[in-house]
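Please work through the exercises below with the sequence and the structure side by side. Try each task before reading its solution.

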Amino acid sequence: MSGERAGQVVRAAARRAPPVLVEIDGEPVEAFAGESVLVAVLAHRPALRRLEFGGEPRAGFCLMGACQDCWVEIEGIGGARACTTSVSAGLRISTKAAAR
Ligand code: FES
């Protein structure tokens with residue numbers, strides 16, 4: 001998959017979960033059911049979002065739901081931490097809305 005080369009993370013082990021399609025900022029991408037939204041995004045991109053104040057790239061910090069650095073907007077759910085939200089088929093994720 002060509003998008004994985006541009007990602008921040010590489011899945012080092014084969015997943016047992018089935019691949020599912022999700023949408024990230026309008027772009028359909030393949031992810032794996034049960035992995036975090038943060039991994040799904042960073043497998044395809046170098047950053048999750050841009051810092052509101054200076055535009056620096058952000059990719060989460062604590063990875064355990066404590067720092068609030070990974071907010072995204074998920075259609076039908078609203079604001080969610082990408083690091084503690086699991087991927088399921090058909091999720092529509094916006095990384096831009098969370099930066100407002
Ligand atoms: S990376 Fe810290 S809350 Fe998600």
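**Exercise 1: A charged network**

Glu52 has a relative accessible area of 40% and is therefore partly exposed. The model used throughout these exercises is a predicted one.

*Task.* Find which residue forms a salt bridge with Glu52, and state which residues are joined into one network by salt bridges that share partners.

*Solution.* Begin with the side chain of Glu52, which forms a salt bridge with Arg49, the closest N and O atoms being 3.1 Å apart. Next, consider the accessibility of the partner: Arg49 has a relative accessibility of 10%, and because buried means under 20%, Arg49 counts as buried. Finally, follow the shared partners, and you will find that Arg49, Glu52, Arg58 and Asp69 are joined into one network.

**Exercise 2: Salt bridges between distant parts of the chain**

*Task.* Determine where in the chain the partners Arg11 and Glu35 lie, and classify each of the two as buried, partly exposed or exposed.

*Solution.* The structure holds 8 salt bridges, and one of them is formed by the side chains of Arg11 and Glu35, with an N to O distance of 2.8 Å. Arg11 belongs to the segment before β1 (19-24), whereas Glu35 sits in the loop between β2 and α1 (37-42), so that this pair, 24 residues apart, links distant parts of the chain. As for accessibility, Arg11 is partly exposed at 21%, while Glu35 is buried at 4%.

*Task.* Explain why the salt bridge between Asp25 and Lys96 ties together parts that are 71 residues apart in sequence.

*Solution.* First, note the contact itself, in which the side chains of Asp25 and Lys96 meet at 3.3 Å, N to O. Then locate the partners: Asp25 lies in the loop between β1 and β2 and Lys96 in the segment after β7 (92-94), and therefore the pair ties together parts separated by 71 residues in sequence. Lastly, Asp25 is partly exposed, with a relative accessibility of 25%, and Lys96 is exposed, with a relative accessible area of 58%.

**Exercise 3: The sheet**

*Task.* Work out the order of the strands in the open sheet, name its edge strands, and find the bridge partner of Val72 in β6.

*Solution.* The open sheet has 5 strands in the order β2-β1-β7-β5-β6, and its pairing is mixed. The edge strands are β2 (27-32) and β6 (78-81), each of which pairs on one side only, and the twist from one strand to the next averages 40°. Now turn to β5 (residues 71-74), which runs antiparallel to β6 and is joined to that strand by 4 bridges. Within β6, the bridge partner of Val72 is Ala80.

How values were computed. Residues are numbered from 1 along each chain as its sequence is written. This is a predicted model: local features need pLDDT of at least 70, side-chain atom pairs count only at pLDDT 80 or more; totals for chains, interfaces and linings use all residues. Side-chain values use heavy atoms; hydrogens and water are left out. Two strands pair if DSSP finds at least two bridges between them. Helices (H or I, at least four residues) and strands (E, at least two) are DSSP runs, numbered from the N terminus. Axes are lines fitted to C-alpha atoms, for helices over the stretch in contact, and angles run from 0 to 180 degrees between N-to-C directions. A salt bridge is a side-chain nitrogen of Lys or Arg within 4 Å of a carboxyl oxygen of Asp or Glu. Buried means under 20% relative accessible area, exposed over 50%, partly exposed in between (1.4 Å probe, protein chains only).
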